[in-house]
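Notebook open, structure viewer up. I'm jotting down what I look up as I go.

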Amino acid sequence: MTAAAATGWCPALAPALMLRHDPVRGADLLVLPERVVVLEGHAGQIVGLCDGTRTVAGIVGELAARFPGAPVAAEVPAFLDRLRGEGWLT
Amino acid sequence: MTPAGPPARPWALLAELTHACPLHCPYCSNPLELARRSGELRTEEWTDVLRQAAALGVVHTHLSGGEPLLRPDLERIVAAAEAAGVYTQLVTSGTGLDETRLTALRAAGLRSVQLSVQHSDAGAGDRIAGRPGAFAAKERAAALVRAAGLPLGLNVVLHRDNLDSVGELIDLGEAWGVDRVELANTQFYGWGLLNRAALLPTRDQLARARETVERRRERLAGRIDLVWVVPDYFDGVAKPCMGGWGAVSLTVTPDGAVLPCPAAASLPDLDPPNVRDHALAWIWDDSPAFNRYRGTDWPMTGPCGTCPRREEDFGGCRCQAYALTGDPTRTDPACALSPDHPLLRTLTDPESAPSSPPYVYRRPGASVP
């Protein structure tokens, strides 16, 4: 079990960040004070669920329903941990 | 070679909202010929520029100047950017920022603040800025931004008169609760070039400062982001200025001229296109100014023509090549492979005794002898 899944953590985007869809490039972006991170694949949808009200288990549940058969439970908690390590989720 | 098709979309817009400023820093990145207030773009013109920029792909704008707080319509410009989906960072001296103004800016959608600092010592900072009380205003501004919960970065331009205090400058950032400290060694264009004899550091100073920064970096890892902008006069490596000409970002000056970088106004015959005459998309994609040195498919002279690094540094900075050699197509003299590199070696040689002329402070008309 990852650190994210082990606690009652409800991930939320750090206040400095903006998550937005970029229609020009057809990509989801995390915009920071001095940089822009292009989110690959479904990462934007995962981050979009980090609104401070859902637990990690809740996020995993919603994604599992959206993407049946995808390795959501195995991969999403580690991904959230990584974003927290960058300081992008609180 | 430049790929076929339209150029990559720009990510960022530097909006120089005004060239008016309460500070007079001798290394200011504004051109020597400062734009007049009477010619500044109006609120609705900036609103339109931001809408066009967003449609072009811009996701980030630095609202800068001069001092952008001198624009009474700054809140409306922030709101226009936010409405267009563009992330806003205010780049300010801190002078003129009070709680009422910050609350209004935040309500309009302001996302983050970058605050300039000249020195860790108040008296020395005020002397460099050419304004008594400037440092105290910055300290108040930093506290307000933190209290408002906005991300805060310090921007320090480094030179002979503050490099020996780089550790104290980082400590100041820590004490003020910042998220980021940008330590930008002076780039010698415009006012910086005019004041080069007073600002150019020594090799020893730079070596000590680098060590200090690396020690602080270890201690502050994960808490404060330390960014070191290289002193290209000393490193022997040319910088891919602005990530390449017309590649990543664009600058709009107070009177609407659009430039690939803030220093490019100094280049001869560039004839910068203006948002009052042309659509931003045409300016980015098709204007002669933005295509002149884009990519590597332009007549590079000197060793760049066959150098593998040309795809990384695009021959270095055109403005620097012009400023130092009079020819903007030459290899940037900062590159150790440039035949003009000795021009810099004579300036940065440990044997060269630094002179210390007084600053020519940045003021309208001050650069005219």
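What do the buried residues of helix 2 of chain B pack against? I get helix 1 (43-56), strand 2 (60-64), strand 3 (87-92) and helix 3 (99-108) of chain B. Contact here means C-beta atoms, placed from the backbone, within 7 Å.

Housekeeping: this is a predicted model, where local features need pLDDT of at least 70, side-chain atom pairs count only at pLDDT 80 or more, and totals for chains, interfaces and linings use all residues. Residues are numbered from 1 along each chain as its sequence is written, while chains are lettered from A and ligands numbered from 1 in the order in which they are written.

Helix 2 covers residues 74-83 of chain B, and I noted B:L74, B:I77, B:V78, B:A79, B:A80 and B:A81 as buried (20 or more other C-beta atoms within 10 Å of the residue's own). Helices (H or I, at least four residues) and strands (E, at least two) are DSSP runs, numbered from the N terminus. After helix 2 of chain B comes B:G85, with a positive phi near 85°.

Next, the sheet. I found an open one of 9 strands in chain B, order 7-6-5-4-3-2-1-8-9, with mixed pairing (to pair, two strands need at least two DSSP bridges). Strand 7 (225-229) and strand 9 (258-259) of chain B sit at the edges with a single partner strand each, so one side of each has no neighbour in the sheet. Strand 1 (residues 12-16) and strand 8 (residues 249-252) of chain B run parallel, joined by 4 bridges. I also looked up B:A12: its bridge partner in strand 8 of chain B is B:S249.

Notes. A residue is buried if 20 or more other C-beta atoms lie within 10 Å of its own, exposed if 12 or fewer, and partly exposed in between; C-beta atoms are placed from the backbone. Two residues are in contact if their C-beta atoms, placed from the backbone, lie within 7 Å.
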